[in-house]
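Work through these exercises with the structure open beside you. Try each task before you read its solution.

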Amino acid sequence: MTDRFAYPQDREARNAARVRALEALLIEKGVITDQTVDKVMQTFATEMGPFNGAKLVARAWTDDAFKALLVTDTMAAVAQLGLPTGAAGAEGEHMRAVANTPQVHNLIICTLCSCYPWPVLGLPPYWYKDPSFRARAAREPRAVLKEFGLDVDPAKEIRTWDSSAQIRWFVVPERPDGTQGMSEDDLAKLVTPEAMMGVAVAQAEAA
């Protein structure tokens, strides 16, 4: 993770304290129950997260027809695998996928706030919401990617996709060399959230 978008080490602890205080107040006011937060967290641990995106990518790597469907009618592809869409408001109602190629590398951002396809990528990382990342990735994506450790070939085009309340993008990374013969389950283990955001590429060995 690049230091430019790093945060103080105690940020998690401070935010956790704020969340607990807010949760206690909402319970006291009767807005939620003491089970509400646990239920939401359980949903993101078991139903919505990057494991869903990894399944989509792994299937696309092994099935050209599915890959074509994924980039032309993403929601139909999601439905075909029986994955959740977040129809209840978890930012998955209008997802779109773009595929990396030898000629094009894709990067997703949200210049307005932090729109993100939660059902297939999970919750957005802190740096995705950072105003510096949002502005600079739109203006100078190649330089920002280099700070993430991804040095994109100058001959390769970089396309930046701006997520919004209307469309939430994610990337289908290129399949790594040397993965022929691997099962979909094993391929899915190679797919990281960062690769599906475009700030990294998939590697032949899981990190």
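## The chain as a whole

The chain has an accessible surface of about 11,100 Å², and carbon and sulfur atoms account for 53% of that surface. Accessible areas come from the Shrake-Rupley method with a 1.4 Å probe; for residues, only the protein chains shown count as cover. The model is predicted: local features need pLDDT of at least 70, side-chain atom pairs count only at pLDDT 80 or more, and totals for chains, interfaces and linings use all residues. Residues are numbered from 1 along each chain as its sequence is written, and side-chain values use heavy atoms, with hydrogens and water left out.

## Exercise 1: Take stock

**Task.** How many helices and strands does the chain have, and what share of its residues is buried?

**Solution.**
- Step 1. Count the elements: there are 11 helices and 4 strands. Helices (H or I, at least four residues) and strands (E, at least two) are DSSP runs, numbered from the N terminus.
- Step 2. Find the buried share: 38% of the 207 residues are buried. Buried means under 20% relative accessible area, exposed over 50%, partly exposed in between (1.4 Å probe, protein chains only).
- Step 3. Look at the contacts (heavy atoms within 4.5 Å). Of those between residues at least 6 apart in sequence, 67% join residues at least 24 apart.

## Exercise 2: Follow the strands

**Task.** Describe how β4 and β2 are covered, and find the partner of each.

**Solution.**
- Step 1. Start with β4, residues 168-172: 5 of its 5 residues are buried.
- Step 2. Sort its side chains. R168, F170 and V172 point one way, while W169 and V171 point the other way. In a regular strand the side chains alternate between the two faces of the sheet.
- Step 3. Find the partner. β4 pairs in the parallel sense with β1 (residues 95-99) over 5 bridges. Strands pair if DSSP finds at least two bridges between them. R96 stands opposite W169 in this pairing.
- Step 4. Turn to β2. It is largely enclosed by the rest of the structure, because 6 of its 6 residues are buried. V104, N106 and I108 lie on one side, with H105, L107 and I109 on the other.
- Step 5. Find its partner. β2 runs parallel to β3 (residues 157-162), and 6 bridges join the two. Here N106 stands opposite R159.

## Exercise 3: Place N100

**Task.** Is N100 buried or exposed, and which residues does N100 touch?

**Solution.**
- Step 1. Locate N100: the loop between β1 and β2 (104-109) holds this residue.
- Step 2. Read its accessibility. N100 is buried because its relative accessible area is 6%.
- Step 3. List its contacts. Beyond neighbours within four places in sequence, N100 touches H105, N106, V171, V172, P173 and E174.
- Step 4. Check the side chains. N100 and H105 share a polar contact of 3.5 Å. A polar contact is a pair of N or O atoms within 3.5 Å; within protein, one must be able to donate a hydrogen and the other to accept it, and residues adjacent in sequence count only if both atoms are side-chain atoms.

## Exercise 4: Trace a salt-bridge network

**Task.** Which residues form the salt-bridge network that includes R136?

**Solution.**
- Step 1. Set the scene. F133, R134, R136 and A137 are buried in helix α8, residues 131-139. The buried residues of α8 pack against β2, α7 (126-129), α9 (141-147) and β3.
- Step 2. Know the rule: a salt bridge is a side-chain nitrogen of Lys or Arg within 4 Å of a carboxyl oxygen of Asp or Glu. The whole structure has 7.
- Step 3. Begin at R136, which is buried with a relative accessible area of 10%. Its bridge to E140 has closest N and O atoms 2.7 Å apart.
- Step 4. Add E147, whose bridge to R136 has closest N and O atoms 2.8 Å apart. This pair links distant parts of the chain: R136 is in α8 and E147 in α9, 11 residues apart.
- Step 5. Add R139, which meets E140 in a salt bridge (4.0 Å, N to O). R139 counts as exposed because its relative accessibility is 59%.
- Step 6. Join the pairs. Shared partners connect R136, R139, E140 and E147 into one network.
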